[in-house]
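Student: I'd like to go through this model and ask how each label gets earned. Can you show me the reasoning?

Tutor: Sure, put it up and we'll take the labels one at a time.

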2 protein chains.
Amino acid sequence: MSYIILFGGSSFEHEISIVSAITLKEKLAGERVEFIFLDKDREFYQISPDQMKSRYFASGAYKKGRRVEMGRGGFYQVGFLGNKKKVPGKVVINLIHGRDGEDGKIPGMLSFYRIKAITPPVEGCAISYNKVLTKYYASGVGVKVVDWKIAQGEEPPFPLPVIIKPARLGSSIGVSVAKTPEEYRYGLDVAREFDPLVIVEPFIEGVEEFNLAGCWVNDQKEEGEWLFSRVEPVKKREFLDYNQKYLDFSRRETQVAPVDPQLETRLKEAFKKIYGTSFRGALIRCDFFRINGEIYLNEINPIPGSLANYLFEDFPGTLRRLAQSLQLEREIEIDYRYINQIQQAKGK
Amino acid sequence: MSYIILFGGSSFEHEISIVSAITLKEKLAGERVEFIFLDKDREFYQISPDQMKSRYFASGAYKKGRRVEMGRGGFYQVGFLGNKKKVPGKVVINLIHGRDGEDGKIPGMLSFYRIKAITPPVEGCAISYNKVLTKYYASGVGVKVVDWKIAQGEEPPFPLPVIIKPARLGSSIGVSVAKTPEEYRYGLDVAREFDPLVIVEPFIEGVEEFNLAGCWVNDQKEEGEWLFSRVEPVKKREFLDYNQKYLDFSRRETQVAPVDPQLETRLKEAFKKIYGTSFRGALIRCDFFRINGEIYLNEINPIPGSLANYLFEDFPGTLRRLAQSLQLEREIEIDYRYINQIQQAKGK
């Protein structure tokens, strides 16, 4: 399989996307991969593999590189006289975390231009990007969510401590834990800087957290097949390091301890409900809580850092099967039957 | 205000979008308006106002016209040597019904290129385009929906008659009413041609239907203001003309009879809950049912035909105020602080 890794974006997670792409380059060393960078001004640049170093972007040196455009079927280098040359690569990997990549803009454009891509579709983006929609959706498909309210006024809707989250950011910026009314008001102000819509949850100490990544493929059987990563048990949340954890973007290599098979089955069942048909074509990670023996969805990560490669037994193989399953939107035949009928009727 | 009306699209409603744009041209006769047509191959063409006749599109004559491209801040005519000239117009009106326009692709692109537009945002598109999400969302925000189930197997999940709807189409194609088990199986086959996800509802005869259009503006006050159309009471549904009604795209001029003020207030309250922050920037129409005195959401029409202009007392004024309220996404400053810190740490 040959890929184009698309990264960067006008997002608070622009930098982590660069780190993510550099990591994925190593993990896909056996595949043919091209790199396209979306800079902060939303210009696309083709990046030579040997330039895939964070300094190249931070210094602005990439601007001397080759500008490309998204167009029908792929990305194109545009010559002086307007002649176009396609960037090779069968499947785009959307690795733009946060805004642009996870809010549906880039997925919409890829679909518009009929480009095959490993990406959450527009629908999945909307569901995961807005934490309020995530709650409605998870409840709808039958997966429990932690109790929550939309912030109104200045009073916390639950006994303190609580977690305050801007609804739409696709990252954990603006998220805080409030232990006192003063902290609550301050946290609310911070969150509202990012989104007028802010949600509040009770903060539950010592909750167990489990991450599970996966995707649905139908390269071999019509009814499809689920490919799952190992379950990652996350260290118990401590009150003090909560912000730190949430701001720790650089998902590290992990030694994954095996979990109880019954728990694993239940996590997979919850994952399937969430993924449904809304995330087809994506490799996503669902972060779950276990509270009093019950499974709760914490959040959907529709483009996890470096695609959570470290959780998979065979990451390149998983990605290849997903890539082979991708389908373009059906073509719609437009024959102007309706207008022609009216024209004929008028002619009578 | 100066507008660019964007219409057409790779959609089953391509033709109605043309009719819709021609109607809107008349309704906005006092404004400066440009026209951009998205053809079935997803190429953009600038259309001269005097060519805005349905025959011009049906005959393919538009292809001799001027190709344009969407780019940063607007649409551009591209000259022989790659020089670009911007199509004038402050605000784009997304009038692409169905796919492309209502599924989030075009809204995402407009937002990506920082183009001000009267359009449902990506999030609102996802909610309204997938009828399952509409159900979850409406229930979430506290608006009743007609009972429904996802179709499984070949047996109807409710006593017949039922309505069968493909979940994602953004139009009424593939929708049918089944009175017999044979009709159910046939209807299911038809619906599944369009989407593997199909929903089924009990068919309630003689239900009262009310349409209400509106938008939220904040051109004058920070807290914003709701602008509503008159309520349109729809003729009672008859069993036999259901398909016909649903396939009748050409929304006609309507004599709107006044409705009970208490009902109007309740419809407006339900509308506000649905519109929320998910449809900001859009002029939408919500179609409600009244069953045993209770209000139910039937569907959200995020780009109603000709923007439901016939329902408004002052349509051009409403549109102008909405246009003046539009805001571009905030700019995100990217300073490479994170990468620079790592570089510094490495240098030590």
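Student: Where is B:Arg114?

Tutor: In this predicted model, B:Arg114 sits in the loop between H3 and strand E8 (117–118) of chain B. Its phi is near 55°, a positive value in a residue other than glycine.

Student: What makes a positive phi worth flagging?

Tutor: Most residues other than glycine have a negative phi. B:Asp100 gets flagged as well, with a positive phi of about 75° although it is not a glycine. B:Asp100 is in the loop between strand E7 (91–94) and helix H3 (105–112) of chain B.

Student: How do you know whether B:Arg114 is buried or exposed?

Tutor: Set the value against the cut-off: buried means under 20% relative accessible area. B:Arg114 has 15%, so it is buried.

Student: And why does B:Asp100 count as buried?

Tutor: Its relative accessibility is 0%, so the label follows from the under 20% cut-off.

Student: What about B:Ser2, buried or exposed?

Tutor: B:Ser2 comes out at 15%, so it counts as buried. The residue lies in strand E1 (residues 2–8) of chain B.

Student: Which residues does B:Ser2 touch?

Tutor: Not counting residues up to four places away in sequence, B:Ser2 touches B:Arg32, B:Gly89, B:Lys90 and B:Val91. Touching here is heavy atoms within 4.5 Å.

Student: Which peptide bond leading into A:Pro161 is called cis, and what's the value behind that?

Tutor: The bond joining A:Leu160 and A:Pro161, where omega is about 0°. A:Pro161 is in the loop between strand E10 (149–150) and strand E11 (162–166) of chain A. In chain B, a cis bond joins B:Leu160 and B:Pro161, with omega about 0°. For context, most peptide bonds are trans.

Student: Which residues touch the most other members of the largest nonpolar core?

Tutor: A:Phe7 and B:Phe7, in a core of 149 residues. Leaving aside neighbours within four places in sequence, the contacts of A:Phe7 include A:Phe35, A:Phe37, A:Met52, A:Phe57 and A:Leu95. Apart from the largest core lies another, of 36 residues, among them A:Leu6, A:Ile96, B:Ile36 and B:Val68.

Student: What makes the largest cavity's lining nonpolar?

Tutor: The count: 10 nonpolar, no polar and no charged residues. Among them are A:Ala126, A:Tyr137, B:Ala126 and B:Tyr137, and Ala and Tyr count as nonpolar. That cavity has a volume of about 70 Å³. H4 and helix H5 (131–141) of chain A, together with H4 and helix H5 (131–141) of chain B, each supply at least two lining residues.

Student: How does the lining of the second largest cavity divide?

Tutor: Into no nonpolar, 1 polar and 7 charged residues. B:Arg114 is one of the lining residues, along with A:Ser10, A:Lys40 and B:Glu331. Arg, Lys and Glu count as charged, so those three residue types land in that class. The volume is about 40 Å³.

Student: What is the lining of the second largest pocket made of?

Tutor: It divides into 19 nonpolar, 13 polar and 15 charged residues. About 1,500 Å³ of space lies in this pocket. Of its 47 lining residues, those closest to the centre are A:Arg280, A:Gln327, A:Leu328, A:Glu329 and A:Arg330.

Student: Which helix gives the most to that lining?

Tutor: H3(A), with 4 residues.

Note on methods
Residues are numbered from 1 along each chain as its sequence is written. Chains are lettered from A and ligands numbered from 1 in the order in which they are written. This is a predicted model: local features need pLDDT of at least 70, side-chain atom pairs count only at pLDDT 80 or more; totals for chains, interfaces and linings use all residues. Side-chain values use heavy atoms; hydrogens and water are left out. Buried means under 20% relative accessible area, exposed over 50%, partly exposed in between (1.4 Å probe, protein chains only). A nonpolar core is a set of buried Ala, Val, Leu, Ile, Met, Phe, Trp, Tyr and Cys residues joined through side-chain atoms within 4.5 Å. On a 1 Å grid over the protein atoms alone, a cavity is a set of points where a 1.4 Å probe fits but cannot get out, and a pocket is an open set with protein on both sides within 12 Å along at least five of seven lines; lining residues have an atom within 4 Å of a point. Grid points are joined across faces, edges and corners, and a volume is the space filled by probe spheres set on the points.
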